[in-house]
Amino acid sequence: MRKAVYPGSFDPVTFGHLDIIRRSAALVDELVVGVLTNSAKTPLFSAEERVNILKDVTKDISNVRIMAFNGLSVEFAKSCGAQFMVRGLRAITDFDYELQMSQTNRILQSGIDTIFLSTSLEYAYLSSTTVKEIASYHGDISKFVPEEVIDRIYIKIGEKKSKKNKE
């Protein structure tokens, strides 16, 4: 059974992420989307919220499973029994970083390879950071994220701004 892990923060999930999820799920028997819990960052959504959002927007892909994790992605992949990690590439700068990571991961876990998928051209410019920036200025994010996520993003950003104003 071919199993892969697609790790990331997905804060928030974008159409670019969904593009990589759909395309990589077609290549393997099971795809585990790993939602990273990173204590060094302050995400817009909690890990539990991101897991639930991803479950919602991938419910039509039968071989996708969503799980939260912390620590090294390659160790998470090993714990899932995966043979591959999937990484999306938008630009050459992504490739430089991801190549170094994949080489390091091969040293840490020689049985796990990295599959690079270039993002579809229509999403090559897209990042979660860009989505949050646009939403923070009340811009239209409907071309960047699934409909199920739009209101959640605006609500979270509003809560964050309210908190900041009270401080």
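**Figure 1. Surroundings of the buried residue E98.** At 8% relative accessibility, E98 counts as buried. The structure shown is a predicted model. E98 is placed in helix 4, which spans residues 92-108. Leaving aside neighbours within four places in sequence, the contacts of E98 are R87, L89 and F116.

**Figure 2. A nonpolar surface patch formed by I92, F95 and L99.** These three residues make a patch of about 270 Å². I92 belongs to helix 4 and counts as exposed because its relative accessibility is 68%, above the 50% cut-off for that class.

**Figure 3. Salt bridges around E30 in the predicted model.** K3 pairs with E30, the closest N and O atoms lying 3.2 Å apart. This salt bridge links distant parts of the chain, with K3 in strand 1 (residues 3-8) and E30 in strand 2 (residues 30-36), 27 residues apart. Both K3 and E30 are buried. The side chain of E30 also meets that of R65 in a salt bridge, at 2.8 Å from N to O. Here, too, distant parts of the chain are linked: R65 lies in strand 3 and E30 in strand 2, 35 residues apart. E30 has a relative accessible area of 14% and is therefore buried, whereas R65 is partly exposed at 33%.

**Figure 4. The salt bridge between D56 and K59.** The closest N and O atoms of D56 and K59 are 3.1 Å apart. D56 counts as partly exposed, with a relative accessibility of 24%; K59 reaches 61% and so counts as exposed. Elsewhere, salt bridges that share partners join K3, E30 and R65 into one network. A search of the whole structure finds 11 salt bridges. In general, side chains of opposite charge can pair when their charged atoms come close.

**Figure 5. Environment of T58 in the loop between helix 2 and strand 3.** This loop connects helix 2 (47-57) to strand 3 (64-69). T58 is buried, its relative accessible area being 4%. The side chain of T58 reaches the backbone oxygen of L54 at a distance of 2.6 Å. Not counting residues up to four places away in sequence, T58 touches L18, I21, V64 and I66.

**Figure 6. The nonpolar cores of the model.** The largest nonpolar core has 34 residues, and I21, L31, L54 and I153 have the most contacts inside it. At least two residues of this core come from each of strand 1, helix 1 (15-25), strand 2, helix 2, strand 3, helix 5 (128-136) and helix 6 (147-166). Beyond residues up to four places away in sequence, L31 touches A4, V5, Y6, I21, S24, A25, N63, V64, R65 and V86. A second, separate core has 10 residues, among them V74, F76, A77 and A82.

**Figure 7. E75 of helix 3 and its spacing from N105.** Helix 3 comprises residues 73-79 and contains E75. With a relative accessible area of 34%, E75 is partly exposed. E75 and N105 are 30 residues apart along the chain, and their C-alpha atoms are separated by 8.9 Å.

**Figure 8. Backbone features of the loop between strand 1 and helix 1.** F10 lies in this loop, as does P12. The phi of F10 is positive, at about 50°, although F10 is not a glycine. F10 is also buried, with a relative accessible area of 3%. The peptide bond from D11 to P12 is cis, with omega near 0°. By way of context, most residues other than glycine have a negative phi, and most peptide bonds are trans.

**Figure 9. Positive phi at H138 in the loop between helix 5 and helix 6.** H138 is a residue other than glycine, and its phi is near 60°. The loop that holds H138 runs between helix 5 and helix 6. H138 counts as exposed, since its relative accessibility is 67%.

Notes
Residues numbered from 1 in each chain as written. Predicted model: local features only at pLDDT ≥ 70, side-chain atom pairs only at ≥ 80, totals over all residues. Heavy atoms only, no water. Patch = residues over 30% accessible without salt bridge, like charges linked within 9 Å, V, L, I, M, F, W, Y side chains within 5 Å. Areas by Shrake-Rupley, 256 points an atom, 1.4 Å probe, with all protein chains shown as cover. Salt bridge = Lys/Arg side-chain N within 4 Å of Asp/Glu carboxyl O. Helix = DSSP H or I, 4+ residues; strand = E, 2+ residues; numbered from the N terminus. Buried < 20%, exposed > 50% of the residue type's maximum accessible area, 1.4 Å probe, protein only. Polar contact = N/O pair within 3.5 Å; in protein donor to acceptor, adjacent residues only side chain to side chain. Contact = heavy atoms within 4.5 Å. Core = buried A, V, L, I, M, F, W, Y, C linked by side-chain atoms within 4.5 Å.
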